[in-house]
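Trainee: Could you take me through the empty space in this model, and have a close look at the part around the ligand?

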Amino acid sequence: MTEQTGIHGLWRSRWLFILAATGSAVGLGNIWKFPYITGENGGGAFVLVYLVCIALIGIPVMIAEVTLGRMGRQSPINTMQALVKDQGAHKMWSGIGWMGAVAGFFILSFYSVIAGWALAYIFRMGGGVFDGATAESAGEVFGGLIGDPEGLLAWHTIFLVITIAIVARGVNKGLEKAISVLMPLLFLILVVLLGYSMSSESFGAGFHFLFDVDFSKLTGESIVVALGHAFFTLSLGMGAIMAYGAYMPKGASIGKTVLTVAFLDTLIALVAGLVIFPIVFANGMEPSAGPGLLFQTLPVAFANMPGGTLFGTLFFVLVSFAALSSAISLGEPVVAWAVEKRGVSRANAATWIGIITWVLGIGTVLSFNLWSEYKLFGKTFFDTLDFLTANIMLPLGGLLIALFVGWSMRESDFQAEAGLPPMLFKALRFVLMFIAPAGVLFIFANGLGLV
Ligand code: TRP
């Protein structure tokens, strides 16, 4: 395959790739989604299934995605097309790139709306709206926010414009610069918050909720959600990590890099859980509050701690930054494709993609207010989009990537790029050929009530 660095540039070092991939992985998925779905799905047993999915399916698929990206050195769509040709594989495999692009649009459209909530909260917190907040008053402020379609639309617009502006500036100028500032800051603020939650009396209760395993709380759907979240949180299955892999320097070790990213991502999710659940229990709240969990519970805690206004404001700044570095990676694959294919400028491509995503996002905005009663199989527009992407499209994308690498590529070509020690490579190949596909298929079938 091509040795050139491509038209989009390269990360300047392995460390910057780790930062970028971690920036993509760590986001609303860790801080907003992981706690609320853990709360909805009963805690420890769900967390255990999620961790197993990360280890057995997520990490191997991530190695595969990064390797494919570095082989192709282009956008996921063109990388897959080039690899399919090069490997003499069936054309249908290039569908991986296309489905990923669609999933990316869908995810970015709702991601931007939720990130807008975080942006709105920076100003509500900073403006003292939550001073002296109780569970009730915090719930009212949240209800007021999501009940106001114009407000949500405005925040969605602001978040998306910032995202698109960064993507438009390209890998080295835009992405690298933004990420190398945002990520270290994020770690710092989270550590401060963990210190606070560890000093709370309910720390034990939160800890037990997260780590005590009770399998009777697991349903077929919980397992599907756990698998889907393993993909969502690692940014897998739609080409985001493939696109980032395309900008990875040649000499960098893919295995070590992926392990680092997966470790950091998991650590951040668990820390977020350890920050949030003690606060939930200390204030007699419900872990199963749903998408509003983060936004309804934390303000109460901040109201009750010294310096809470400052910490609360910082916290939502952190969430917004984490969301931004993830959103960038959702937009990058399609923008890179448009630049390669159509020869349009990055700025133009990013703008058009921003406009389409913005329109789609209106559906999510309305899901929480005017359209909240319109449901398909009990799910709002937002719920449907979230379920379809995270729990179906991403695992399906991951399944196809595993099968393509495991069954359709020449082993030696893949190994030449992946550069793993021989024993590890054998193990990885076995997992990609059998374990990961069987795991995804079993969980799908189980979710449908077939097994
Ligand atoms: N992983 C991010 C999070 O946890 C979201 C995300 C970014 C993503 N890029 C992705 C999810 C690509 C799926 C696919 O918030």
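Mentor: Sure, let's begin with enclosed space. There is 1 cavity of 30 Å³ or more by the rule used here: on a 1 Å grid over the protein atoms alone, a cavity is a set of points where a 1.4 Å probe fits but cannot get out, and its lining residues have an atom within 4 Å of a point. Before going on, keep in mind that this is a predicted model, where local features need pLDDT of at least 70 and side-chain atom pairs count only at pLDDT 80 or more, while totals for chains, interfaces and linings use all residues. Residues are numbered from 1 along each chain as its sequence is written, and side-chain values use heavy atoms, with hydrogens and water left out.

The largest cavity holds about 150 Å³ of space, a volume being the space filled by probe spheres set on the grid points, which are joined across faces, edges and corners. Its lining has 16 residues, with S24, I107, F232, S235 and L330 nearest the centre. Helix 1, helix 5, helix 10 and helix 14 each give two or more residues to that lining; helices here are DSSP runs (H or I, at least four residues), numbered from the N terminus. By class, the cavity lining has 10 nonpolar residues, 6 polar and no charged. For the classes, Ala, Val, Leu, Ile, Met, Phe, Trp, Tyr, Cys and Pro are nonpolar, Asp, Glu, Lys and Arg are charged, and the others, Gly among them, are polar.

Now for what sits inside. The largest cavity is the space taken by the ligand (more than half of a molecule's atoms must lie within 2 Å of the grid points). Around the ligand are 17 residues, the closest being A25, G29, Y111, F232 and S235; to count, a residue needs a heavy atom within 4 Å. The shell divides into 9 nonpolar, 8 polar and no charged residues.

As for polar contacts (pairs of N or O atoms within 3.5 Å), the side chain of Y111 has an N or O atom 2.5 Å from a ligand oxygen. An N or O atom in the N30 side chain is 3.4 Å from an oxygen of the ligand, and S329 places a polar side-chain atom 3.0 Å from a ligand nitrogen. Taken alone, the ligand exposes 370 Å², and the protein buries 100% of that (Shrake-Rupley areas with a 1.4 Å probe). Two or more shell residues come from each of helix 1 (14-25), helix 2, helix 5 (95-126), helix 10 and helix 14 (308-342).

Then there are the pockets, open sets with protein on both sides within 12 Å along at least five of seven lines. The largest has a volume of about 370 Å³, and among its 18 lining residues Y36, E40, K379, D383 and D386 are closest to the centre. Helix 16 gives the largest share of that lining, 5 residues. This lining has 7 nonpolar, 5 polar and 6 charged residues. The second largest pocket comes to about 250 Å³, and its lining has 10 nonpolar residues, 1 polar and 1 charged.

Key
Polar contact = N/O pair within 3.5 Å; in protein donor to acceptor, adjacent residues only side chain to side chain.
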